[in-house]
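This report covers how the strands are joined and which charged side chains pair. Please look at the sequence and the model first.

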Amino acid sequence: MSLSIQVRRVDQAVVLELCGRLSVLEQQLRQLVGELIERGERYFVISLANVSYMDISGLGQLCWIYTVSRNRGGDMKLLKPTPRIRRLLNITKLDSVFESFESETGAIQAMQPLKSTVSA
């Protein structure tokens, strides 16, 4: 099963609902987020509840999204990672980097607030 992505906006965040495999053969997540970042989006909630498989390339895509959004003053949270993905995050110690939530509302509320840094 290939990866499908549903995109919707909730408050200041873009929620990406992933379904299928997040692997080296499925690079559309990075491509989509790159386009969203170019349009000015900075806050992402990545729903992993329906991801059946993730490899190191999939983890790499999550790391890239996290790094790019944080470097631009945004944030990324994970939503409902499966037990298998939680184990993968634990083994790679990425569970200490990525915040995971069981509730979409909780993930969005935990986002770093939008800060405008206007110099006077």
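## Strands and crossovers

Strand β3, helix α2 (residues 56-71) and strand β4 form a β-α-β unit that is right-handed. The model in which this unit appears is a predicted one. Strands β3 and β4 (residues 75-79) run parallel and are joined by five bridges. One pairing between them has Ser 47 with Leu 79 of β4 as its bridge partner.

Strand β3 (residues 43-54) also pairs with strand β2 (residues 13-22); these two run parallel, with eight bridges between them. Here Leu 16 has Ile 46 in β3 as its bridge partner. To get from β2 to β3 the chain passes through helix α1 (residues 28-38), and this β-α-β crossover is right-handed.

## Salt bridges around Arg 8

Side chains of opposite charge can pair when their charged atoms come close. In this model the count of salt bridges is seven.

Arg 8 takes part in a salt bridge with Glu 17, where the closest N and O atoms are 2.8 Å apart. Arg 8 is partly exposed, at 34% relative accessibility. Glu 17 is partly exposed as well, its relative accessible area being 22%.

Arg 8 also meets Glu 104 in a salt bridge, at 2.5 Å from N to O. Glu 104 belongs to helix α4 (residues 104-109) and Arg 8 to strand β1 (residues 4-10), so this pair ties together parts that are 96 residues apart in sequence. How buried or exposed is Glu 104? With a relative accessible area of 21%, Glu 104 is partly exposed; the reason is that buried means under 20%.

## A network that includes Arg 70

A further salt bridge links Arg 70 and Asp 75, with 3.3 Å between the closest N and O atoms. Is Asp 75 buried or exposed? Asp 75 has a relative accessible area of 1% and is therefore buried, whereas Arg 70, at 33%, is partly exposed.

Which residues are joined with Arg 70 into one network? Through salt bridges that share partners, Arg 70, Asp 75, Lys 77 and Glu 99 are joined.

## Summary

Strand β3 is joined to β2 by eight bridges and to β4 by five. Among the seven salt bridges are those of Arg 8 with Glu 17 and with Glu 104, and that of Arg 70 with Asp 75.

How values were computed: Residues numbered from 1 in each chain as written. Predicted model: local features only at pLDDT ≥ 70, side-chain atom pairs only at ≥ 80, totals over all residues. Heavy atoms only, no water. Salt bridge = Lys/Arg side-chain N within 4 Å of Asp/Glu carboxyl O. Buried < 20%, exposed > 50% of the residue type's maximum accessible area, 1.4 Å probe, protein only. Helix = DSSP H or I, 4+ residues; strand = E, 2+ residues; numbered from the N terminus. Pairing = 2+ DSSP bridges. Right-handed = clockwise from strand over helix to strand, strands pointing away.
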